[in-house]
Each structure stands twice: as C-alpha cells, then as structure tokens.
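Subject: Handover of a structure and summary of findings

Dear colleague,

Please find below the structure that I am handing over to you, with its sequence. A summary of what was found in it follows.

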Amino acid sequence: MKVGDIVARKSHNKDIVFKIVSFGVDENNEKIAILKGIAFRVIADAYIDDLELVKAPDIKDILIDKNVENLLYKSVRKAK
C-alpha cells in the first residue's frame, strides 16, 4: 500500500472509504496508515493488515449505501 491508495478498514466492516495520506508507527513500533475520509470529514489510523484496497466501481456502492450512513449516525450518537 502507498500514499494515495483508496482503502477501507476490514475491522469496521468497510463502512467508510479512506485515502491513505501518510504512514507512521505506533507505540509498539508497528507500521500504521494515517487515513482521511473521502465522503466524511474524519481522520483515522489503522494497521496495514486491517486495510483493504477499494476498487473504483466499489467506491460508488460504498458511498451511497444508506446502511453505512445509518451506522455512522448511530456511532456518533453513541460516542456523545
């Protein structure tokens, strides 16, 4: 994987599509990717093995999926 790749996190059921903006290391010296949401204003990080490349045709399906929107809304409400 490289900067600029479009990915989703497997551990979160590929709910949000991200762009890899950089790489870093965690407190255990494991490589992580720094991610920026494409459809949502969110920054996240993830271990490389948790990421899955998203192909161009799949991006459209993920971005317009109403289930994803509902999951995100519920997650935000729960976090508050």
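Two strands are taken to pair where DSSP finds at least two bridges between them. Please note that the model is predicted.

Strand pairing

On that basis, strand 3 and strand 4 form a hairpin, and five residues lie between the two strands. They run antiparallel and are joined by five bridges. Within this pairing, Ile-32 has Tyr-47 of strand 4 as its bridge partner, and Ile-34 stands opposite Asp-45.

Strand 3, residues 31-37, is also joined to strand 2 by seven bridges, and this pair again runs antiparallel. Here the bridge partner of Ser-22 is Ile-34, while that of Val-25 is Lys-31. Ile-34 therefore takes part in both pairings, with Ser-22 as partner in the one and Asp-45 opposite it in the other, under the pairing rule stated above. The hairpin of strand 2 and strand 3 has five residues between the strands, and Asn-29 in this hairpin adopts a positive phi near 65 degrees.

On the other side of the pairing list, strand 1 (residues 6-9) and strand 2 (residues 17-25) are antiparallel and are linked by three bridges. Ile-6 has Lys-19 of strand 2 as its bridge partner.

Side chains and nonpolar cores

In a regular strand, side chains alternate between the two faces of the sheet. Strand 4 shows such an alternation: Ala-44 and Ala-46 are buried and point to one face, whereas Ile-43, Asp-45 and Tyr-47 point to the other face and are not buried.

Both of these alanines, Ala-44 and Ala-46, belong to the largest nonpolar core, which has nine residues; the others are Val-7, Ile-16, Phe-18, Ile-20, Ala-33, Leu-35 and Leu-51. At least two residues of this core come from each of strand 2, strand 3 and strand 4. A second, separate core has five residues, among them Ile-6, Ala-8, Val-17 and Ile-59.

Leaving out residues up to four places away in sequence, Ile-16 touches Val-7, Ala-8, Phe-40, Val-42 and Leu-72.

Gly-37

Is Gly-37, in strand 3, buried or exposed? Gly-37 counts as buried because its relative accessibility is 10%, and the cut-off for buried is under 20%. Neighbours within four places in sequence aside, Gly-37 is in contact with Val-17, Phe-18 and Val-42. Between the C-alpha atoms of Gly-37 and Leu-53, which are 16 residues apart along the chain, the separation is 14 Å.

The largest pocket

The largest pocket has a volume of about 200 Å³. Its lining consists of 13 residues, and those nearest its centre are Arg-9, Asp-15, Ile-16, Leu-72 and Ser-75. By class, seven of the lining residues are nonpolar, three are polar and three are charged. Helix 2, residues 66-79, supplies three residues, the largest share of this lining. Ile-16 links this pocket to the preceding section: Ile-16 is among the lining residues nearest the pocket centre, is a member of the largest nonpolar core, and touches Leu-72.

With kind regards

Conventions: Residues numbered from 1 in each chain as written. Predicted model: local features only at pLDDT ≥ 70, side-chain atom pairs only at ≥ 80, totals over all residues. Heavy atoms only, no water. 1 Å grid on protein atoms, 1.4 Å probe; cavity = no way out; pocket = protein on both sides within 12 Å on 5 of 7 lines; lining within 4 Å. Points joined across faces, edges and corners; volume = space filled by probe spheres on them. Helix = DSSP H or I, 4+ residues; strand = E, 2+ residues; numbered from the N terminus. Nonpolar A, V, L, I, M, F, W, Y, C, P; charged D, E, K, R; others polar. Core = buried A, V, L, I, M, F, W, Y, C linked by side-chain atoms within 4.5 Å. Buried < 20%, exposed > 50% of the residue type's maximum accessible area, 1.4 Å probe, protein only. Contact = heavy atoms within 4.5 Å.
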